Amino acid sequence: MITPRPTGGGGPSGNPRRPQRPLTPRTAFRIAVLGIIAMGMIGVLVVRLWFLQVIGGQAYAQRANDNILRTIVTEAPRGVITDRTGKVVLARNSPSTNIVAYPKELVDDRRKLVMGRLADTLGVTRYSLMVKMKRGEDNYPYQPVVLARDVPDGIAIPVAEKIREFPGVELQDSFVREYPNGTLAAHLLGFTGAISDKQYEDYLARGYNGNERVGKDGVESEYEQYLKGVSGQRRVEVDAFGEQVGREFSTRPPVQGKNLRLTIDMPTQRALEAQLEARVRLSGTARGAAGVALNPNTGEILGIASYPTYDPNAFARQRNGLITRYNNDKRTPTLDRAIAAQFPPGSTFKALTATSAMELGILSPTEPIDSPSEIKLYDKVWPNFQKQFHGQITLPTALEVSSDTFFYRVGRRFYEQREGQQSEWAQKFGIGLPTRIDLPGELPGRVPTPQWKVNHFKDLYPTLAVWLPGDEINMTVGQGFVETNPLQMAIAYAAIANGGKILTPVVGREITDQSGRVVRKIASARPARDIGIPARILTPVREGLKLAATGGNGTAWGVFAPVLGAGGPQVAGKTGTAETAPGQPDHAWFVGYAPADNPEIVVAVVVEKGGTGATNAAPAVCHTIAAYEPTHFDGDLCGTPTVEKSN
Amino acid sequence: MGERVRSALLSLDWILILAVGLLLVFSVHVIDAATVNDVPGSPNFFTDRQVLFTIGAVIGGIMLAAFDITRLQGMSWVLLGGLLGALAVVFVLGTTVKGANAWIDVGPFNLQPSEMGKVVMILVLSALAVERMAEITARRTTLFLVAVAAAPAAVVFLQPDLGTALVYGAILTAVLFLAGAPWTHFATAAAVVVGALVLVLGILPASGVHVLQDYQVERLTAFVNGDRDSGKAGYQLDQSKTAIGSGGAVGKGPEEATQTINDFLPEHHTDFIFAVIAEMYGFAGAAGVLLLFGIILWRILRLTARAATQFEQIVAGAIGAMIMFQLFQNVGMNVGIMPITGIPLPFVSYGGSHTVTNVAAIGILLSIHRRRAGL
């Protein structure tokens with residue numbers, strides 16, 4: 001151990017002017033150690049710099065570019081939806097403000113902090129915003145994530161003023177879907193809404209970024225691919241607070257979606273909706289109603305409606321209180337009864353039964369059949385409606401007075417010739433099968449077949465798992481297991497009216513671009529299927545339907561005879577009063593077309609638990625036909641039967 | 001007269017002066033380029049102030065160079081008392097900047113006594129070590145010097161300014177090392193420090209006692225986490241590495257240094273100025289700055305070996321250690337290999353107190369150089 005030499009004796013006064021060097025070997029060694037440490041430290045720093053800058057330079061340069069590059073997305077308006085004339089706007093866009101955030105500019109704690117502030121401002125949970133950010137980041141990290149849509153000024157303005165407290169957050173000019181006529185054609189139009197979690201991946205695969213509002217129901221959903229616009233993009237330079245600092249690198253303007261022109265005829269649609277509402281109200285017992293008016297030669301839907309209805313603006317503008325009310329309403333206002341409810345068709349089915357029976361050669365139009373107040377078939381008594389007695393009648397009269405016992409006898413013939421044949425013919429008319437209308441959510445209904453019955457009951461009630469004569473007999477009058485909707489009945493009656501063509505119904509007429517050029521014709525390109533009904537069969541059926549509407553003993557005479565009497569069009573059609581559960585009110589039906597000899601319109605209406613067809617459904621059909629231009633007459637001519645003559 | 005001036009000029013270490021001078025001038029340029037957007041409407045706000053600080057610092061440095069530094073050797077307790085007094089005033093009346101209560105407002109400027117304290121601590125500890133040179137290997141001598149350094153360091157730590165407290169620790173270590181304290185003492189001290197770290201960062205927080213503020217723990221541990229770290233410290237570090245890395249070999253130039261001028265890099269004129277240099281001038285510029293520091297340290301250690309008295313020797317060596325520690329800590333934090341503690345880069349970062357202090361240290365070195373022994 002080297003003992004240090006005390007220099008200066010511990011005080012400044014002892015310092016010599018030019019001392020000997022105080023450097024001892026130990027100190028010299030320790031200074032050398034310091035030198036080595038210094039070289040080591042600088043060496044480590046230089047090596048680290050080499051790795052960061054020379055080896056990792058490219059990657060970090062990319063990161064630095066990512067920092068300053070912001071992709072601003074400008075959302076495009078959707079296409080406009082109009083009626084068949086193109087003049088009445090049914091869906092359009094109104095300007096609104098979104099709050100968006102850029103996931104790449106908000107990472108980790110910074111994101112938590114900003115999302116926390118934003119959640120407080122918006123009155124939502126931070127977690128919900130974090131989930132949206134994560135999902136956006138995983139898919140389109142450089143695009144803004146829409147955190148809130150259609151933000152009221154009361155929130156947007158304070159955020160804009162304090163935007164520095166929300167780095168990485170931006171207000172985005174956007175659009176919200178607007179349905180200027182409120183509830184008008186609500187079920188047909190549908191509405192737009194956020195992409196659901198379930199559909200998220202699906203939409204992403206189709207080129208969406210996940211932020212868009214998409215069509216959720218009705219034609220908004222069906223024609224989404226045309227209606228949706230293409231967002232615009234701008235790439236700009238920003239600073240750390242997200243403020244634009246000058247340079248702009250690329251610009252792509254937004255492109256509005258294509259316009260959709262529907263086949264809907266506004267007077268018809270309005271009349272149909274007004275009538276459904278009126279019938280439900282007048283009946284006192286009805287839960288809802290639905291109706292379809294279509295052109296029997298083309299399948300174009302002129303009017304389609306379901307009651308009760310809803311305001312699609314509630315969904316488009318996220319009015320949660322109203323949405324909850326709709327969802328909790330026992331009358332199911334959002335259900336489209338015209339295509340998605342399933343009712344027994346009742347006596348409206350008899351026109352199809354008669355056609356099938358004649359096609360199968362088990363019924364002749366001139367053959368008189370005894371129609372007493374009740375008959376006994378297979379050890380069971382089958383009564384007529386209200387125990388009415390009709391005597392010996394032929395087919396047209398059976399339709400006119402809507403005799404049940406007449407058709408029960410026909411039912412027995414179906415069964416005895418070959419069971420299940422009646423079902424096959426019902427399906428030929430399109431009953432129990434989807435019509436393939438261009439609307440989402442259509443339900444097929446049901447035509448029971450022997451095979452269906454076995455499958456349906458073999459586990460539940462094995463003793464019932466057998467096709468019985470009663471099934472065949474019940475079906476002749478549209479009861480039993482058969483279930484359908486107004487759309488299917490309108491298509492079936494259109495086939496009677498047009499000579500046997502089963503049409504594919506259509507609500508979309510054409511797609512046009514913003515300059516008005518037709519991009520795609522929809523209505524003129526729908527398939528039709530001819531089921532081959534010869535005139536000798538059609539003529540007596542049509543005759544029977546005319547009599548039912550306007551004949552002296554016709555079930556709907558009280559409604560349509562005054563129209564004919566005043567010079568209005570001859571209507572042909574059939575009432576239906578479909579039994580539901582015992583003790584429950586019947587479903588009221590009417591399906592008809594006009595003018596009877598040169599049909600321009602078919603209308604089918606069902607009033608759910610609305611009573612008899614003549615009283616509660618036929619007037620709705622009458623008023624709807626009255627509103628349509630080609631068959632126009634004064635709707636006040638439509639009579640209202642006060643006495644129920646028949647079903 | 002001419003002869004005296006000539007010999008005075010000849011007695012200066014011009015290489016050291018040149019290296020420090022280059023750094024000071026470069027500093028003004030980088031601060032100017034980095035802060036153009038920082039104060040709306042006044043792009044030269046920080047530049048003008050830094051020029052003033054530098055001029056003041058150089059004047060102070062020249063005065064100290066002309067002063068016989070050994071005359072302070074007997075005033076240890078006065079200096080220490082003065083430092084503790086100033087720190088106490090700050091503690092009571094000070095201004096809080098970025099979480100640390102370390103500044104006293106003086107007119108338009110605010111002074112940071114803990115910065116000046118670095119040089120004071122070097123002088124005080126060196127003088128006390130020299131006084132006790134006869135028993136420098138004794139354990140109580142080491143403990144005594146630790147105790148002297150601990151008082152101001154504790155106050156600074158409580159401000160809380162962990163970085164400066166660590167510099168005090170580095171100064172103490174350097175003084176003990178150059179004075180000749182035995183290796184066993186350093187080994188023991190190292191063991192104590194490691195133990196304390198484990199206790200403060202690991203065991204005590206786990207049992208609910210928080211010695212460090214949350215932000216301090218986060219800064220200290222951010223650099224050991226992965227590439228994309230969490231929290232504000234992690235964000236700073238991430239942006240710093242991005243700035244440095246994106247500079248590449250030769251840099252993007254001041255106009256295109258978007259990390260800096262678009263404000264992604266926080267504290268770009270103070271703690272993270274090295275990242276600014278690296279972004280603007282690339283590996284060439286950053287390594288050039290390190291080369292200048294290498295020259296400065298070489299000149300200081302050379303002088304340490306040549307000092308006229310042991311007091312001056314320890315002072316010179318401790319100044320070298322102080323600059324070395326600050327350099328490594330600051331640049332290490334910029335490049336992500338050291339924890340984030342608010343230590344400025346000597347001669348380069350914006351700031352009055354630390355510029356004055358570090359240039360003062362150079363003045364002291366020049367004073368020692370004038371009186372150096374010949375080889």
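**Entry 1: the H5/H6 pair of chain B**

I began with the contact between two helices of chain B in this predicted model, and listed the residues on each side: B:Ser114, B:Gly117, B:Met121, B:Val124, B:Leu125, B:Leu128 and B:Ala129 from H5(B) meet B:Leu145, B:Val148, B:Ala149, B:Pro152 and B:Val156 from H6(B). Sorting the residues of this contact by class, I found 10 nonpolar, two polar and no charged.

I then looked up the geometry of the pair, since two packed helices are described by the angle between their axes and the distance between the axes. The axes of H5(B) and H6(B), the latter covering residues 139–158, come within 10 Å and cross at roughly 170°. Angles over 145 degrees count as roughly antiparallel, and I therefore noted H5(B) and H6(B) as roughly antiparallel to each other.

**Entry 2: chain B as a whole**

For the setting of that pair I turned to the totals, and recorded 15 helices and three strands in chain B. Of its 375 residues, buried ones make up 54%. Taking the contacts in chain B with a separation of 6 or more, I found that 70% join residues 24 or more positions apart.

**Entry 3: where chain B touches chain A**

Which helices of chain B each supply at least two residues of the side that touches chain A? I first noted the extent of the contact, in which 60 residues of chain B meet 48 residues of chain A. The helices I was after are H5 (113–131), H7 (162–179), H10 (231–247), H12 (258–261), H13 (273–306) and H14 (310–335) of chain B. H13(B) gives the most to this side, with 13 residues. By class, I entered the residues on the chain B side as 29 nonpolar, 24 polar and seven charged.

**Entry 4: overall form of chain A**

In chain A I recorded 24 helices and 23 strands. The radius of gyration of chain A is 38 Å, well over the 26 Å that the globule rule gives for 647 residues, so I described the chain as more spread out than a compact globule. The C-alpha trace of chain A spans about 150 × 55 × 40 Å along its principal axes. I also noted that 50% of the 647 residues of chain A count as buried, and that residues 24 or more positions apart account for 72% of its contacts with a separation of 6 or more.

**Entry 5: the two domains of chain A**

The domain assignment divides chain A into domain 1 (74–262) and domain 2 (266–637), and I entered 43 Å as the distance between their C-alpha centres. In the contact between them, 34 residues of domain 1 of chain A meet 29 residues of domain 2 of chain A. On the domain 1 side, the elements that each supply at least two residues are strand S5 (169–178), helix H6 (186–189), strand S6 (192–194), helix H8 (218–222) and strand S10 (259–262) of chain A. That side of domain 1 has 14 nonpolar, 10 polar and 10 charged residues.

**Entry 6: helix H17 of chain A**

Last, I looked up H17(A), residues 421–428, and found A:Gln422, A:Ser423, A:Trp425, A:Ala426 and A:Lys428 to be buried. What do the buried residues of H17(A) pack against? Their partners are helix H14 (350–359), helix H16 (404–417) and helix H19 (469–476) of chain A. I closed the entry with A:Gly430, which follows H17(A) and has a positive phi, near 95°.

Note on methods:
Residues numbered from 1 in each chain as written. Chains lettered and ligands numbered in written order. Predicted model: local features only at pLDDT ≥ 70, side-chain atom pairs only at ≥ 80, totals over all residues. Domains from an automatic or database assignment. Contact = placed C-beta atoms within 7 Å. Helix = DSSP H or I, 4+ residues; strand = E, 2+ residues; numbered from the N terminus. Nonpolar A, V, L, I, M, F, W, Y, C, P; charged D, E, K, R; others polar. Buried ≥ 20, exposed ≤ 12 C-beta atoms within 10 Å, placed from the backbone. Rg over C-alpha atoms; globule rule 2.2 N^0.38 Å. Axes fitted to C-alpha atoms, helices over the stretch in contact; angles between N-to-C directions. Parallel < 35°, antiparallel > 145°, perpendicular 65-115°, else oblique.
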